[in-house]
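Biologist: I am new to this structure and would like a close look at a single part, with its surroundings sketched in as well. Please explain each term when you first need it.

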Amino acid sequence: MMSSIHTEATFESAIIQSLVEQGGYVETGNADFSRELSLDRRQVIAFLKDTQPVRWEKLATVHGADIENRILQRLFKELDLRGTLDVLRNGITDYGVRFDMAYFKPESKLNPETKALYDKNRLTVTRQIHYSTQSEHSVDLVLGLNGLPVATVELKNQFTGQNIQNAKWQYIEDRDPKELLFQFKKRALVHFTVDTDEVYMTTRIDGKRTRYLPFNLGYNKGAGNPPNPDGYKTAYLWEYVWTRDSWMDIIGRFLHLQAEEIEDKSTGRKYPKETMIFPRYHQLDVVRKLSRHAKEEGAGHHYLIQHSAGSGKSNSIAWLAYRLSSLHNAADERVFDSVIVITDRLVLDQQLQNTIYQFEHKQGVVQKIDKDSNQLAYALASGKNIIITTLQKFPFVVEKVGNLPNRRYAVIVDEAHSSQGGEATRKMKEVLSAKNLDEAMEEDGQEFEDGEDEIRKVLETRGPQPNLSFFAFTATPKAKTLEVFGIKGDDGKPRPFHLYSMRQAIDESFILDVLKNYTNYETYYRLTKAIEEDPELDKRKAVKAIARFVSLHPHNLAQKTEVMIEHFRQITSKKIGGKAKAMVVTSSRLHAKRYFFEFKKYIKEKGYDWIKVLVAFSGSVKDDDAPDGISEPQLTGFGEKELPGVFEKDDYRILLVAEKYQTGFDQPLLHTMFVDKPLSGVKAVQTLSRLNRIHAGKEDTFILDFVNDRDTILKAFQPFYELTTVEQPTDPNHLYDLKNKLDEKQVYWQSEIDSLAKVYFMSKNMLNPKEQGRLNAFIDPAIDRYKALDGNSQNEFKKGLRTWTNIYSYLSQVMPFQDVGLEKFFAYGRLLLAKLPKTDLAERLKLTDEVALEYYRLQKVSEGAITLEIQGEVGVPNITEAGIQRAKEEKAALSEIIHILNERFGTDFDNADKLFFDQIEEELVSDVKLQMQAKSNTIDNFKYGFDEAFLAKLIERMEDNQGIFEKILDDKEFGEIVKKWMLNKVYERLISHKTVNDARI
């Protein structure tokens, strides 16, 4: 007995024992399985007789003694035409008599007969089934439902020297997909490979083209399964997933067919291809956990679902929407009257409709809002089951729906981001909660007598609503999103309700690791002043202007264009079977436009006519050769909506973008990205992740970055690699701190804010068009005071006010208190921001004639993987400071600004060089003699003592950096520049130190 305990047969027996004793199964033998029909004749007949005796007798009057053979023949034909899943869900018909082939668990207990029929389903497990009429090949396990095979299983036990890879090989090499049991959708719906550590599954056996998907729990936010103290790591499969209620739920409300059009490249003809969708474990888990919580706790909750790209979010949303639309609580009451899906993706609508039709087998369950707000108003008023719409339609529906009946809504947000904290979300809450709010405020004794009551009503719509539950999906939750939708842990930090991490998606090969092949280029240049004058300029603005001058310089564009096109030609173009595409991310519309012409010019010069380029940006951009502006369609010849389809074609290989297609753009053939734009945080992750989609033959990706350093990209990705939280929760008092700083500018008066609020929050029944003039009368005096400020103060005020309104729009949703004064200021601030003078781009500092590019070099500085660390969870930064202070305007001569930039970009300083200067600076600042001299001397007099000390320190540290030491001594001009730069830094530090000490005294 002991000698066989480690074998595969023992593993098989353990699974069967569990299914029979705890899973609601019956073990059946091989004898009743028909190889010709590929089903269990005995179980089919027994199920039909047991559950539908009247129908059986009716058909018996037609077929007589041959009824069993005749109905099996009919079943065989229906299975061949429609497939197992459709037959199980919708039954078969023979001579006008309809038979159900399965009964699914009812959502409520209102119909006990349906529950009794559900209990009569026959779940069977059969070992070593001989399925072929041509051979004695057998499959380890077959799971059956009412005589029909629904799953096959190949088992391996590591103790015998085999594992899951051997099981996969067995299906691929030793299982003929033409055998009836393995024919797509005609018999078994899913095929599992299982060992003691891992589970994989596929819904189509197709030889070497078979694609296996992991069906594992995930371990430490990565792939695999956690250790199981009670036995096998994979025990969840038979102890939970395959158990009676779970398995029937999967067959009834998860499994579905998805159709897509496949183009034959040789003929150009398209043909439909079906895919059987079986949920991955995290999809099954999230839908069930969300449904269970909503069932037990009812409406009024927020859920954040952090699911990486590659998680199958569209299917998860479809399953969840269907589940929530029919969810009943313990008292058999519907938990939600309607489900509203907020999305900007057109593809999600059709997918939802097709998926839910397969479950319900009736039209009209999903109402798509694709016309206007009137259509949305009608759908809400008539209580449609599932409504799919954009958030932007809600502000226009407020006046059209009146007070909706007191209903409960589940709101599924397709991509939760910061705009969910905006006014469109508040308007949605106002529409969906109006009746509840009125009743709640009436219960509190409020009768809406004045504007303050209307303000409180608005405040009520900002916070959580007892009749609304939000289910927010995102791969990259910002701090705002976490605070609005997350669940607070013991440490007070919000976390997602459910996680499928980027790390797990990469580990399981559902997305590619875009940081694996990352190359950085550095630009080195030297500038000269091209005019005799040496004007004094705002240093910050001048540095930006010079950087823009360099980035748009024809030589810079030409050099980078050559690098990009040659890399594409030599490497990218050969990837993915010669189909790979590239994206160029540019800093602005003007950059995109100029790169577009530079690319076309280089391609023409080199004769690379096979490389076709597209450009994408919104609106139009002015340039020297286009003073009136030029748009994307004018450059490409295609409409903006056409462009994604055009880029899909083989002809077009490179897409240049400026603030477009950097989020939500799904093109699996994108292999390479050239980045010529500063990126950080969520924006960096969303942009670079355009490459991560998988495709047949796509083995890797490549990023060439001209701008960002590796550390910036690492810091951007790390928080979203595993579980995301916040570094620290936002303190609501920050709103008061920031407002105090705004008050100091004396741009607005409190009396103006109060007067505006009386009009702005006036009941809609009392409003008339003349009131808009009064709003302007309360804003305009503040505009005049704003204009009287100096330029720096104007910038500080505008930035601070914008920051305040943004923070309030989301913090007001989670604050544990309400403040009427803040709501008044929010209304006033938003209108004031809208009327403040816009920054004129024509006034932006330009330095085209004043500066010349003297020296330029583009150099590869690093390549290889940027490796993300396993940290469990990482916080994203939140707002911690008031956010109004800006650097004081600092004037400097143009020559000095150019000199500083040349020092930064024109000399090959590395970290060791910088450290050398830092150390000398610290030693000079610590020099007691210099400290005394700085106290009583101007910088001109201080210079004499400094020169001697600087040289002494330089000689002391000569051996630390021989190269820089020699350059300072040999190149007198360079040496003088360095010495002057160091003199200014040291003197300023010593003087500021003296000032602080004097202040303390």
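Modeller: An axis here is a line fitted to C-alpha atoms, for helices over the stretch in contact, and angles run from 0 to 180 degrees between N-to-C directions. Helices (H or I, at least four residues) and strands (E, at least two) are DSSP runs, numbered from the N terminus. This is a predicted model, in which local features need pLDDT of at least 70 and side-chain atom pairs count only at pLDDT 80 or more, while totals for chains, interfaces and linings use all residues. Residues are numbered from 1 along each chain as its sequence is written, and side-chain values use heavy atoms, with hydrogens and water left out.

To set the scene, the protein chain has 36 helices and 35 strands, and of its 1001 residues 52% count as buried, a word that stands for under 20% relative accessible area, with exposed meaning over 50% and partly exposed in between (1.4 Å probe, protein chains only).

The part I have chosen is an open sheet of seven strands in the order β16-β17-β15-β18-β19-β14-β22, with parallel pairing; two strands pair if DSSP finds at least two bridges between them. Its edge strands, which each pair on one side only, are β16 (366–368) and β22 (498–500). On average, neighbouring strands of this sheet are turned by 15° against each other, direction ignored. Within the sheet, β15 (residues 338–342) and β17 (residues 386–389) are joined in the parallel sense by four bridges, and Val339 stands opposite Ile386 in β17.

Two helices can then be followed onto this sheet. Helix α10 (residues 281–297) packs there, touching β14 (302–307), β19 (468–474) and β22, and its direction makes about 175° with that of β14; contact means heavy atoms within 4.5 Å. Helix α11 also packs on the sheet, where it touches β15, β17, β18 (409–413) and β19, with a direction at about 165° to that of β19.

One residue of α11 (residues 313–325) deserves attention, namely Leu320. Because its relative accessibility is 0%, Leu320 counts as buried. Leaving aside residues up to four places away in sequence, Leu320 touches Val287, Leu290, Ser291, Ile412, Phe471 and Phe473. The C-alpha atoms of Leu320 and Gln283 are separated by 9.4 Å, although these two residues are 37 residues apart along the chain.

Other parts of the chain can be set beside this one. Another open sheet also has seven strands, in the order β1-β6-β7-β8-β9-β10-β11, but its pairing is mixed, and its edge strands are β1 (26–27) and β11 (213–214). In that sheet, β9 (residues 190–194) and β10 (residues 199–202) run antiparallel and are joined by four bridges, with Val194 standing opposite Val199 in β10.

There is also a helix pair to inspect: α3 (residues 53–63) and α4 (residues 67–82) pack at an angle of about 105°, with their axes 9 Å apart. These two helices are therefore roughly perpendicular to each other (angles under 35 degrees count as roughly parallel, over 145 as roughly antiparallel, 65 to 115 as roughly perpendicular and the rest as oblique). Where they meet, Trp56, Leu59, Ala60 and His63 in α3 face Ile67, Glu68, Arg70 and Ile71 in α4.
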